[in-house]
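Trainee: I am new to this structure. Please take a close look at a single part of it, and then work outwards from there.

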Amino acid sequence: MTRFLVRRLLSAALTLFAVSVLSFLMFFALPRDPVTGMCPKNCNPERLERVRQELGLRDPLISQYAGYMKGIVTGRDLGSAQGGRCDAPCLGWSYVSNEAVSDTIARVLPVTLSIVIPAAVLWLLLGVGLGMLSALRRGSWLDRAAIGFSLTGASLQLYFVGAVLLIVFVYNLRLLPVPSYTSLFDNPLKWSSGLVLAWVALAFLFSAIYARLSRAQMLETLSEDFVRTARAKGLAKRSVYGRHALRAAITPVVTIAGLDVGGALGGTVITETTFGLNGMGRTAVDAVRSGDLPTIMATVLIAAVFVVLANVVVDLLYAVIDPRVRLG
Amino acid sequence: MSLSPVEGVALAEIESPGEGDERRDKEFVGRSPGQLALARLRRDRTAMISGALLVFFVLVALAVPLIQALYGVGPKEQFQSRLDGYGMPLGYAGGVTGEHWFGLEPGLGRDIFIRMVHGLRTSLFIAFAAAVLTAVIGVTLGTLAGYLGGWLDSVINWITDLTLAMPFLIIALALMPTVALRFYGQREAVPAYFQIGVLIAIFALFGWTSTARLVRGQIIALREREFVEAARASGAGLGHMLFRQLLPNVWAPILVAFSLAVPQYITSEAALSFIGVGLTDETPSFGRMIYRSLDYLQTDPSYVFFPGITIFALVLAFNLFGDALRDALDPKSSR
């Protein structure tokens, strides 16, 4: 177990390293001059030159990268124009918003987390539940309704569903306020009423995919010998379906869920744009628009960390769900 | 899901109308797996309906100049006289009239129908081009990785994992302007064909891994089969092994993957244009239209519905057809 964990974490670290190098090269080496994008207004050549010096753009790429990485692990000293000392998870200084990138992230990450975590709980419960039920009642009206639901959901687009939800619930029925983010700890009621449409839209589209996948998996498992054996030796339906079959059927669902949740935590650009919420995704888009390289770099890195971590968690979950999986 | 490993024909009964006296004339004819699949597809009502819808969409996309000539309105013409003082189209449902079938855009007053027809063409072109490219790259690398194994296999596997860890939207978002900046200046307008080319390239760059993984899995399953061993023993070269022995057995899943990749690229293109990379406002595109319509949800709700429903119908038709194709190509399915 420990050996597996160490090996898995090492390979995750290797992937993250590659992602960081790649995105560093892509963003800092590819553009003709990364600085022009960074001071949009009143940029005279002296100021440009100073920014270049402060960012260390005159140094070789390797030492630039090393400095960036060192900043994340131990923090580093930036120039006085960049707010001086930058503490441990130092992601650099944004000339566009004039603040440390880690402060920006600390502000917008909770928004994305508040969108994704409740939505993920909803879509997993709804999707897997519906898929399992329709597999157990194959051919019934419930099954047909579930198939129709998942086909529709798999072909719908989030921005369209979001727009329709906004038209109906906000502008016509006036049941809900225009979506906005309030901290959960300040006002839980406002938090949920401001985000509920985003949860519903995300959960609707994702649960369609999960319903389809878990139905197919469950049908395949139900036709396996061990399910028949379990029924034949007199186990109750409930225990056979709920424990034996579910565990075997749910493994691929967990894989996809890990990828999806990990990916969504890095930023739900479309959801945030549709509902006008300012989370990680919006921040990334705005950073790209204004050429704010340190912020782009930070959002890509954080998104990659979420995906890679989610994959590690999925691998560990396998062992819990499926006793056939031997780690090591 | 592999087809019969023996190149050649599977035996199947002729479909008899079911009359008693004709049953004696029952005859066996040879049919290739492809013919069987086609026959199954013809009998599937969902496949036929969604297929017809797809043919319709493709025809519309191909006939854009003709439609524009008949319709008499260009995608960039503005009809300001039909908007009220606030820039809202006059009349019901966003200004739907005999001349403007789907109404006008609020603000600029451009015709929605003709812009959607143009958008459909761009969208389908990008999706098909990207799907063909990913299929070619994915099949080549997947086959090589699966058949040769070794370091090539490990490298391709690792690249697949890596692309999965990269947040696609954000990378595409960051790459688009960077690439454009490399070829065009800060102030220069980037031509539409260049944006379309970059979009296709980005999709191909990120999309080939899933096809490669699929093909690799199939090839590995086939690699140790007797007929492959026999071919190798009789001295077949690499090209013969790949193209004559292995690939004919995996074309079914490749075809299904292709047909399901197209709608994926349609939605990705719309999504990228929606968040403002990808195509700019000059080029008509579904994503861009929906993004613009978000500002008018309260005042002109019908604006979002035309592009929204069209893209839904397009993607649904592709998904249904892809599923039907999968069923038809599966030799185990009895439908």
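Mentor: S20(A) sits in helix 1 of chain A, where helices (H or I, at least four residues) and strands (E, at least two) are DSSP runs numbered from the N terminus. The model is predicted: local features need pLDDT of at least 70 and side-chain atom pairs count only at pLDDT 80 or more, while totals for chains, interfaces and linings use all residues. Residues are numbered from 1 along each chain as its sequence is written, and chains are lettered from A and ligands numbered from 1 in the order in which they are written.

S20(A) counts as partly exposed because it has 19 C-beta neighbours inside 10 Å (20 or more other C-beta atoms, placed from the backbone, within 10 Å of its own would make a residue buried, 12 or fewer exposed, and partly exposed lies in between). V300(A) is 280 residues away from S20(A) along the chain, yet their C-alpha atoms are separated by 8.4 Å.

From here the view widens to the two chains. In chain A, 36 residues are in contact with 33 residues of chain B (C-beta atoms, placed from the backbone, within 7 Å). On the chain A side, at least two residues each come from helix 1 (2-29), helix 5 (141-155), helix 6 (158-172), helix 10 (269-275), helix 11 (280-290) and helix 12 (293-321). Helix 12 of chain A gives the largest share, seven residues. By class, this side has 26 nonpolar residues, nine polar and one charged (Ala, Val, Leu, Ile, Met, Phe, Trp, Tyr, Cys and Pro are nonpolar, Asp, Glu, Lys and Arg charged, and the others, Gly among them, polar).

The unreviewed UniProt entry annotates residues 9-30 and 296-321 of chain A, among other spans, as "transmembrane region"; such annotations may be inferred rather than shown by experiment. Two further spans with this annotation are 111-133 and 145-171 of chain A. Residues 111-133 of chain A are 100% helix and 0% strand, with end C-alpha atoms 33 Å apart. For residues 145-171 of chain A the figures are 93% helix, 0% strand and 29 Å.

Confidence comes last. The predictor gives the complex an ipTM of 0.75 and a pTM of 0.79. Chain B averages a pLDDT (the predictor's confidence in each residue, from 0 to 100) of 78, and 84% of its residues score at least 70. Over residues 1-22 of chain B, pLDDT stays under 50. Among the elements of chain B, helix 4 has the highest mean pLDDT, 89, and strand 1 (residues 10-13) the lowest, 42.

Notes. Contact = placed C-beta atoms within 7 Å.
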